[in-house]
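Please examine the sequence and the three-dimensional structure shown here. The account that follows is meant to be read alongside them.

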Amino acid sequence: MEENKKDKVGIGGYISLLIAVLFFSGIFGKMESPLRVLDLQTLIGEFGTIAEGARPGIMGAGGYGVRGGFFQSLTIAPGVFMAVTFVTIIEHYKGLAAAQKLLTPISKPILGVPGSATLAIVSNWQSSDTGAAVARDLLDKGVISEKERDILLSYEFVGAAIIGMLYSNGALLFPYLTVAPGVILLLIMVLKFLAGNMMRLYVNMLEGKTKKAPAEA
């Protein structure tokens, strides 16, 4: 009885799931309104400039070696910390349980991962580092298996942070495109799911061979 109450997902779980999807999707990122607070990149913010005329950030110019790598890791850290913290909050309010219950019937057939992996799938549209951090956090908490992690990361590897990249750096090429940017976005999304399913096929074949292999004497 106590266990059933613990696993029950109320309206709060579904609301927290909706907030999480909006938060990671980047929908509110370009809005000039208080709703921008529902955007991951907005909350992460930006580094200021160290000197007048310098580019924003702490990397500087001309650096290399271990020192360059150390500062690069510092630029990634805020996004990773923020993503993992937010997922922990969503889990507390049963957002992951809601995703598991609501989205598994969809995500299992099309990608082979549970609905609780939705946050990793959506966060990868906006940030490669965040998507990877969320996937790792889900694995560490036992929400997804190692097999599901491999499928998820294959999906994430193709066109990571595609929304941010396409509508920022990619915008320079828009005048030369013969198709709408949305067509490119749709194509990359299809390829992401194709990559995930190719890994899904591979791990299933590998798992089948392992089971059929004769046990050692």
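The paragraphs below move from the overall fold to aromatic pairs, buried serines, salt bridges and the surface.

The structure is a predicted model. Its chain contains 10 helices and 0 strands, so that the order of elements from the N terminus reads α-α-α-α-α-α-α-α-α-α. Of the 217 residues in the chain, 31% are buried. Among contacts with a sequence separation of 6 or more, 63% involve residues 24 or more positions apart. The accessible surface amounts to about 13,700 Å², and carbon and sulfur atoms contribute 67% of that area.

The aromatic side chains offer a first view of how helices are brought together. The model has 4 aromatic pairs. In one of them, the ring centres of Phe24 and Phe86 are 5.7 Å apart and the planes stand at 90 degrees, which makes the pair edge-to-face. Because Phe24 belongs to helix H2 (residues 11-25) and Phe86 to helix H4 (residues 65-92), this pair ties together parts that are 62 residues apart in sequence. Phe24 has a relative accessible area of 0% and is therefore buried; Phe86, with 13%, is buried as well. Phe23 joins Phe24 and Phe86 in a cluster linked by ring pairs.

Another aromatic pair is formed by Tyr155 and Phe193. Their ring centres lie 5.1 Å apart with the planes at 65 degrees, so this pair is also edge-to-face. Tyr155 is in helix H8 (residues 146-157) and Phe193 in helix H10, and the two residues, 38 positions apart, link distant parts of the chain. Tyr155 is buried, since its relative accessibility is 0%, whereas Phe193 is partly exposed at 25%. The ring of Tyr155 has a further partner: the charged end of Lys192 sits over this ring, 4.5 Å from its centre.

Helix H8 also carries Ser154. What is the burial state of Ser154? With a relative accessible area of 14%, Ser154 falls below the 20% limit for a buried residue and is therefore classed as buried. Apart from neighbours within four places in sequence, Ser154 is in contact with Ala195, Gly196 and Met199. A second serine, Ser116, occupies the loop between helix H5 (95-111) and helix H6 (118-123). Although placed in a loop, Ser116 is buried, at 1% relative accessibility. Its contacts, again leaving aside neighbours within four places in sequence, are with Leu96, Ala99, Gln100, Leu138 and Val143.

Charged side chains provide another set of connections. Side chains of opposite charge can pair when their charged atoms come close. The model contains 6 salt bridges. One of these joins Lys141 to Glu91, with the closest N and O atoms 3.0 Å apart. Lys141 lies in the loop between helix H7 (128-140) and H8, and Glu91 lies in helix H4, so that this pair links distant parts of the chain, 50 residues apart. Lys141 is partly exposed at 31% relative accessibility, and Glu91 is partly exposed with a relative accessible area of 31%. Both residues belong to a network of salt bridges that includes Asp137.

Two further salt bridges differ in the sequence distance they span. Arg136 and Asp140 meet at 3.0 Å, N to O; both lie in helix H7, 4 residues apart, which is about one turn of the helix. Arg136 and Asp140 are both exposed. Glu207 and Lys147, in turn, form a salt bridge at 3.5 Å, N to O. This pair links distant parts of the chain, with Glu207 in helix H10 and Lys147 in helix H8, 60 residues apart. Glu207 is partly exposed at 36%, as is Lys147 at 29%.

The surface completes the picture. Leu187, Leu191, Leu194 and Met198 make a nonpolar surface patch of about 400 Å². Leu194 is situated in helix H10 (residues 181-212) and is partly exposed, with a relative accessibility of 45%. Elsewhere, His92 is found in helix H4 and counts as exposed at 60% relative accessibility. The C-alpha atom of His92 is separated by 9.5 Å from that of Ser16, a residue 76 positions away along the chain.

Key. Residues are numbered from 1 along each chain as its sequence is written. This is a predicted model: local features need pLDDT of at least 70, side-chain atom pairs count only at pLDDT 80 or more; totals for chains, interfaces and linings use all residues. Side-chain values use heavy atoms; hydrogens and water are left out. Patches are made of residues with over 30% relative accessible area and no salt bridge: like charges are joined within 9 Å, nonpolar side chains (Val, Leu, Ile, Met, Phe, Trp, Tyr) within 5 Å. Accessible areas come from the Shrake-Rupley method with a 1.4 Å probe; for residues, only the protein chains shown count as cover. A salt bridge is a side-chain nitrogen of Lys or Arg within 4 Å of a carboxyl oxygen of Asp or Glu. Buried means under 20% relative accessible area, exposed over 50%, partly exposed in between (1.4 Å probe, protein chains only). Rings of Phe, Tyr and Trp (its six-membered ring) pair if their centres lie within 6.5 Å; planes under 30 degrees apart count as stacked, over 60 as edge-to-face and the rest as tilted. A charge sits over a ring if NZ of Lys or CZ of Arg is within 6 Å of the ring centre and within 35 degrees of the ring normal. Contact means heavy atoms within 4.5 Å.
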